[in-house]
Amino acid sequence: MEAALGQLPELENVRWRTRVDEPMLRRADRVWTLSAVAHEVPFLATAIVLPLLAPVLAVVSVFALAFAWAIPALYAARGAGVLRPVRRRGVASDAAAEERALGLLGDLVGHQARELVARTGLLVERGRFGVWVVGPAGALLVRPGGRRVQCYCVRVPDAELPTSDRVAHLLLALRADEAGFATVANLTFSGACWRLRPRLSPAAREGLTVAISFARSRSK
């Protein structure tokens, strides 16, 4: 993903999408919340009503409660997938190339962010819409206040790029045009940080924790 003249050229491939702004992000949060409620309420209602009709149906209520919990959890697991490591297809692991790419990525960020990249392979970047956690195939956006997160999947065309080069690629695109980045990317989950956290890898959880801290301090 390359940036030119402050606007991502990939926007030409998604002309039907409205350019993302703050009201659109808030609206997406509300839509995902309403969708989660719409999925959970029928199961919760079933779990409450069935034992009142017949105590023997309490077993069915347990299954209904399990479904009420599992459906949002599946959405959260899908969102967590945007920060999973990317396997380079058809290319043997090249530690030297990865090390060089990591060094170049470190040149783009400050000391604290460089240490996080070295530990986790992820980059935390403050933006206009919140705090981003950028990985090789997507990013998390922790919204102001640090309570809610949005997950975005982004495709990097070159499958042979080292992981750190992929992160640097997305970072430069994000810095050049944050709204365009969010427009091109695919929103896979929006919800509470606590719901996403257990589905993340330890490295991704560390990145999320740092981003939440930044988002909370920024909102004060």
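# Briefing: contacts and burial in a predicted model

Glu 206 has a relative accessible area of 28%, so it is partly exposed. This residue is one half of a salt bridge in a model that is predicted. The protein chain has 220 residues, and 44% of them count as buried. Its secondary structure comes to 8 helices and 5 strands.

**Fold**

- Along the sequence, the helices and strands of the protein chain come in the order α-α-α-α-β-β-β-β-α-α-β-α-α.
- Helix α5 covers residues 163–176, which makes 14 residues.
- At 1.5 Å a residue, helix α5 should span 20 Å, and its end C-alpha atoms are 20 Å apart, so the expected and the computed span agree.
- The buried residues of α5 are Ser 164, Arg 166, Val 167, Ala 168, Leu 170, Leu 171, Ala 173 and Leu 174.

**Aromatic pairs**

- The structure contains 6 aromatic pairs.
- One of them joins Trp 32 and Tyr 75 edge-to-face, at 5.8 Å centre to centre and with 85 degrees between the planes.
- This pair links distant parts of the chain, with Trp 32 in helix α1 (residues 22–53), Tyr 75 in helix α2 (residues 58–80), and their positions 43 residues apart in sequence.
- Trp 32 has a relative accessibility of 19% and therefore counts as buried, because the cut-off for buried is under 20%.
- Tyr 75, at 30% relative accessibility, counts as partly exposed.
- Trp 32 also pairs edge-to-face with Phe 189, at 6.0 Å centre to centre and 75 degrees between the planes.
- Phe 189 lies in strand β5 (residues 186–192) and Trp 32 in helix α1, so this pair ties together parts that are 157 residues apart in sequence.
- Phe 189 is buried, since its relative accessible area is 3%.
- Trp 32, Tyr 75 and Phe 189 together make one aromatic cluster.

**Charges over rings**

- Arg 126 lies over the face of Phe 214, 3.8 Å from the ring centre.
- Arg 195 places its charged end over the ring of Trp 69, at 5.5 Å from the centre of that ring.

**Salt bridges: the count and a network**

- In total, the structure holds 9 salt bridges.
- A network of salt bridges links Glu 22, Arg 26, Asp 29, Arg 143 and Arg 148.

**Salt bridge between Glu 206 and Arg 119**

- Glu 206, introduced above, forms a salt bridge with Arg 119, and their closest N and O atoms are 2.5 Å apart.
- The two residues link distant parts of the chain: Glu 206 is in helix α8 (residues 202–219) and Arg 119 in helix α4 (residues 111–120), 87 residues apart.
- Arg 119 has a relative accessible area of 52% and so is exposed, because exposed means over 50%.

**Salt bridge between Glu 125 and Arg 175**

- The side chains of Glu 125 and Arg 175 meet in a salt bridge with an N to O distance of 3.0 Å.
- Here too the pair links distant parts of the chain, since Glu 125 is in strand β1 (residues 123–126) and Arg 175 is in helix α5, 50 residues apart.
- Glu 125 is buried, with a relative accessible area of 14%.
- Its partner Arg 175 counts as partly exposed, at 39% relative accessibility.

**Salt bridge between Glu 12 and Arg 15**

- Glu 12 and Arg 15 meet through their side chains in a salt bridge of 2.6 Å, N to O.
- Glu 12 counts as partly exposed, at 45% relative accessibility.
- Arg 15 counts as exposed, with a relative accessibility of 65%.

**Nonpolar surface patch**

- Ile 48, Val 49, Leu 52 and Leu 53 make up a nonpolar patch on the surface.
- Taken together, these residues have about 450 Å² of accessible area.
- Leu 53, a member of the patch, is found in helix α1.
- The relative accessible area of Leu 53 is 63%, so this residue is exposed.
- Helix α1 thus holds both Leu 53, which is exposed, and Trp 32, which counts as buried.

Notes:
Residues numbered from 1 in each chain as written. Predicted model: local features only at pLDDT ≥ 70, side-chain atom pairs only at ≥ 80, totals over all residues. Heavy atoms only, no water. Phe/Tyr/Trp six-rings, centres within 6.5 Å; stacked < 30°, edge-to-face > 60°. Helix = DSSP H or I, 4+ residues; strand = E, 2+ residues; numbered from the N terminus. Buried < 20%, exposed > 50% of the residue type's maximum accessible area, 1.4 Å probe, protein only. Lys NZ or Arg CZ within 6 Å of the ring centre and 35° of its normal. Patch = residues over 30% accessible without salt bridge, like charges linked within 9 Å, V, L, I, M, F, W, Y side chains within 5 Å. Areas by Shrake-Rupley, 256 points an atom, 1.4 Å probe, with all protein chains shown as cover. Salt bridge = Lys/Arg side-chain N within 4 Å of Asp/Glu carboxyl O. Expected span 1.5 Å × (residues − 1).
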